Amino acid sequence: MTLPLLDHQRPATKSTPANSANSATPANPATPPTETPSRRAWHAGQPVLLVYIAAAVLHIALLAAMIPAGGPGIADRLQAWDGQRYVEIAAHGYPSGFTYTADGQIWGNNLAFFPLFPLLIRAVHTVTDLSWEGAAIVVSQLSMITALLAVHRLLTRLYNRRTATMGIVLLAMAQPMSLAFFMAYSESLFLALAAGTLLAAERRAWLTAGLLACLTGLTRPAGVAATVALAVAASLYLYRRRKAEWRPAAGVVIGSLGMPVYLLWVANRAGTPGAWFTIQQAWGTRWDWGSSFLKYLAQSLTTGDGWVQVSVALLLLAHLAVTILACCRRTWPPLLAYGAVIMILTLGQSNYYHSKPRLLIPALVFLIPMADALARARPASRAVAIACAALFGCWYGSYMLTVWSYAI
């Protein structure tokens with residue numbers, strides 16, 4: 001069966017030679033010269049910068065408005081929870097092994113957190129002399145801008161410029177918990193590297209894609225999603241070419257190294273195989289094939305009496321529904337594989353239910369149907385839909401970070 005080609009992959013038709021009798025009318029000599037590379041770059045990056053600025057302003061404004069009087073300020077909120085642990089790793093390094101409670105039980109420690117984000121925090125702190133906390137925020141912001149650029153470029157190549165712009169608007173503002181992209185968290189770095197992997201694979205830059213996938217695997221455990229996506233892209237390419245090439249295979253091998261390297265390092269540091277998984281279980285996270293998620297879902301939709309509990313359940317169902325819709329559309333298989341793996345990893349584990357919306361925000365694939373629908377909508381309808389979605393998404397993240405004391 002021949003796989004359908006995306007529009008950008010269809011061979012261009014041959015143009016009529018200029019000296020042919022049927023040639024087109026010569027170009028107007030007054031036609032302005034072709035844009036310079038710098039102008040093309042600015043034209044391509046302009047919507048990204050506008051979306052980033054709008055998202056940052058809206059997120060911070062709502063967060064500031066919702067912070068209770070006398071409570072921790074904006075800076076403290078942006079460095080909450082895992083942000084503090086990343087800063088601690090950057091400043092002091094990792095523990096030498098397991099951490100134990102007073103009764104001898106293994107307790108979750110910072111070895112559960114992958115190393116690339118704290119390494120970049122340390123690098124920025126060293127170069128700029130910013131505080132550790134300030135360096136963490138700078139890394140997140142630069143990563144977010146890079147992520148938006150990569151996602152916009154990828155979706156432009158796969159679809160069109162308008163769909164790409166709608167996609168990054170939904171990504172940065174409309175997603176509940178997209179506030180995490182602007183915090184001292186590794187989500188923005190993860191997305192930048194994963195989107196870069198997908199973009200490089202789409203352009204068939206296999207070694208670059210492999211390096212980026214490897215770095216993604218050193219950022220978060222879900223980096224395996226980027227490796228799977230790269231493997232799917234390489235397989236499709238080799239299937240269509242019908243001949244062996246070493247670069248796609250080498251890219252996949254390189255991309256597979258990141259996560260295993262860190263897991264082996266943790267095992268060596270703690271002195272036992274599987275040490276990272278033991279620490280994860282001490283944090284309350286283990287693979288259970290989705291049984292805890294299904295129990296949570298059933299309980300939330302039948303007897304749940306809390307706004308957060310019920311709203312998270314509805315949001316996760318919405319993510320599932322739109323992901324299934326993306327599967328039914330002509331979605332680029334590597335992008336579909338990337339999003340599906342993140343979805344499976346998020347819902348198949350027994351981690352805290354209120355963390356799941358945050359873990360899903362880099363998945364991308366469930367944004368495609370909505371971005372495409374917005375791109376086709378009338379301007380007035382599009383503006384109203386974007387405004388409502390952005391306000392809800394930014395408000396929800398601020399609520400979870402200020403009113404509900406257990407996120408994120």
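## Pocket close-ups

**View 1. The second largest pocket in this predicted model comes in at a volume of about 270 Å³.** Its lining is made up of 14 residues, and the ones closest to the centre are Ala174, Gln175, Pro176, His319 and Met370.

**View 2. Four helices give two or more residues each to the lining of the second largest pocket.** They are helix 6 (161-174), helix 14 (307-328), helix 17 (368-376) and helix 18 (379-402). Helix 14 chips in the largest share, with four residues. Sorted by class, this lining has twelve nonpolar residues and two polar ones, with no charged residues at all.

**View 3. Here's the largest pocket, with a volume of about 1100 Å³.** A total of 39 residues line this one. If you zoom in on the centre of the largest pocket, the residues that lie nearest are Arg220, Gln280, Thr285, Asn351 and Leu359.

**View 4. Helices around the largest pocket: five of them supply at least two lining residues each.** Going along the chain, you'll meet helix 3 (82-92), helix 7 (187-202), helix 12 (275-282), helix 15 (333-347) and helix 16 (356-360). Helix 12 hands over the largest share of this lining, five residues.

**View 5. Residue classes in the lining of the largest pocket: nonpolar, polar and charged all turn up.** The split is 23 nonpolar, ten polar and six charged residues. For the second largest pocket, by contrast, the charged count is zero: its lining has no charged residues.

Conventions. Residues numbered from 1 in each chain as written. Predicted model: local features only at pLDDT ≥ 70, side-chain atom pairs only at ≥ 80, totals over all residues. Heavy atoms only, no water. 1 Å grid on protein atoms, 1.4 Å probe; cavity = no way out; pocket = protein on both sides within 12 Å on 5 of 7 lines; lining within 4 Å. Points joined across faces, edges and corners; volume = space filled by probe spheres on them. Nonpolar A, V, L, I, M, F, W, Y, C, P; charged D, E, K, R; others polar.
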